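Here are a few exercises to work through with the model open beside you. Try each task before reading its solution.

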Amino acid sequence: MIKRNQSALGIDLSDKTANFCVMNADVGVVVEGKVSLTVAKLAEVWRLHGPVDVVVIEAGTPATWVQELFTGLGARVIVADPRKLQVVTASVRKSDERDARMLSGIFGFTKKTS
């Protein structure tokens with residue numbers, strides 16, 4: 001049986017900034033934010049809001065070093081090809097914040113219902 005992720009950190013990478021969203025299967029969005037795209041700031045996001053079951057980042061120029069950073073911190077990392085993520089690329093209301101939220105939810109789970 002495949003274990004479903006209970007928490008995820010989605011990160012939308014830009015040239016100088018990173019929008020992030022932490023989701024939990026029980027409550028949905030836990031926290032969202034935007035930080036400078038630096039090792040120190042991304043490590044701080046992990047320190048404050050991790051560990052999570054999976055970190056999901058969009059493929060792109062900074063993806064390699066960001067993946068290495070989170071892997072080094074002990075995270076399981078998925079690098080998602082945006083061309084294959086129709087839910088992100090086909091969105092009419094596209095924004096970095098929404099992209100981070102979608103990334104954190106795509107590979108993890110659906111919110112539990114009572």
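**Exercise 1. The nonpolar core**

Task: Find which residues touch the most other members of the largest nonpolar core, and which element gives the largest share.

Solution: Start with the core itself, which has 20 residues; Leu9, Ile11, Leu13, Leu42, Val55, Ile57 and Phe70 touch the most other members. Next, sort by element: S1, strand S2 (17-24), H1, S4 and H2 each give two or more residues to this core. The largest share, 4 residues, comes from H2. Keep in mind that this is a predicted model. As a general background, nonpolar side chains tend to be buried together in soluble globular proteins.

Now pick one of these residues, Leu13, and look past its neighbours within four places in sequence. Its contacts are then Ala18, Leu37, Ile57, Glu58, Pro62, Ala63 and Val66.

**Exercise 2. The surroundings of strand S4**

Task: Decide whether the residues of S4 are buried or exposed, and work out which strands pair with S4.

Solution: Take burial first. 5 of the 5 residues of S4 are buried, so the strand is largely enclosed by the rest of the structure. Then check each face: Val54, Val56 and Glu58 lie on one side, Val55 and Ile57 on the other, and both faces are covered.

Now turn to the pairing. Strand S1 (residues 7-13) runs parallel to S4 and is joined to it by 4 bridges; here Ile57 in S4 stands opposite Ile11. Strand S5 (residues 77-80) also pairs with S4 in the parallel sense, over 4 bridges, and Val56 has Ile78 in S5 as its bridge partner. Finally, trace the chain from S4 to S5: the path goes through helix H2 (residues 63-72), and this β-α-β crossover is right-handed.

**Exercise 3. The loop before S4**

Task: Locate Pro51 and find what kind of peptide bond joins Gly50 and Pro51.

Solution: Pro51 sits in the loop between helix H1 (39-49) and strand S4 (54-58). Its relative accessibility is 67%, so Pro51 counts as exposed, the cut-off being over 50%. For the peptide bond, look at omega: the value is about -10°, and the bond between Gly50 and Pro51 is cis. For context, most peptide bonds are trans. As a last step, compare positions along the chain and in space: Pro51 and Leu73 are 22 residues apart in sequence, with 9.0 Å between their C-alpha atoms.

**Exercise 4. Two side-chain pairs**

Task: Identify the partner of Lys41 in a salt bridge, and classify the ring pair of Trp46 and Phe70.

Solution: Begin with the charged pair. Lys41 forms a salt bridge with Glu44, and their closest N and O atoms are 3.8 Å apart, which fits the cut-off of within 4 Å. Both residues lie in helix H1, 3 residues apart, or about one turn of the helix. Lys41 counts as partly exposed at 36% relative accessibility, and Glu44 counts as partly exposed at 31%. The count of salt bridges comes to 1.

Move on to the rings, where the count is 1 aromatic pair. The ring centres of Trp46 and Phe70 are 5.9 Å apart and the planes meet at 70°, so the pair is edge-to-face. This pair links distant parts of the chain, with Trp46 in helix H1 and Phe70 in helix H2, 24 residues apart. To finish, check burial: Trp46 counts as buried at 11% relative accessibility, and Phe70 is buried with a relative accessible area of 0%.

Key:
Residues numbered from 1 in each chain as written. Predicted model: local features only at pLDDT ≥ 70, side-chain atom pairs only at ≥ 80, totals over all residues. Heavy atoms only, no water. Buried < 20%, exposed > 50% of the residue type's maximum accessible area, 1.4 Å probe, protein only. Pairing = 2+ DSSP bridges. Right-handed = clockwise from strand over helix to strand, strands pointing away. Core = buried A, V, L, I, M, F, W, Y, C linked by side-chain atoms within 4.5 Å. Contact = heavy atoms within 4.5 Å. Salt bridge = Lys/Arg side-chain N within 4 Å of Asp/Glu carboxyl O. Phe/Tyr/Trp six-rings, centres within 6.5 Å; stacked < 30°, edge-to-face > 60°.
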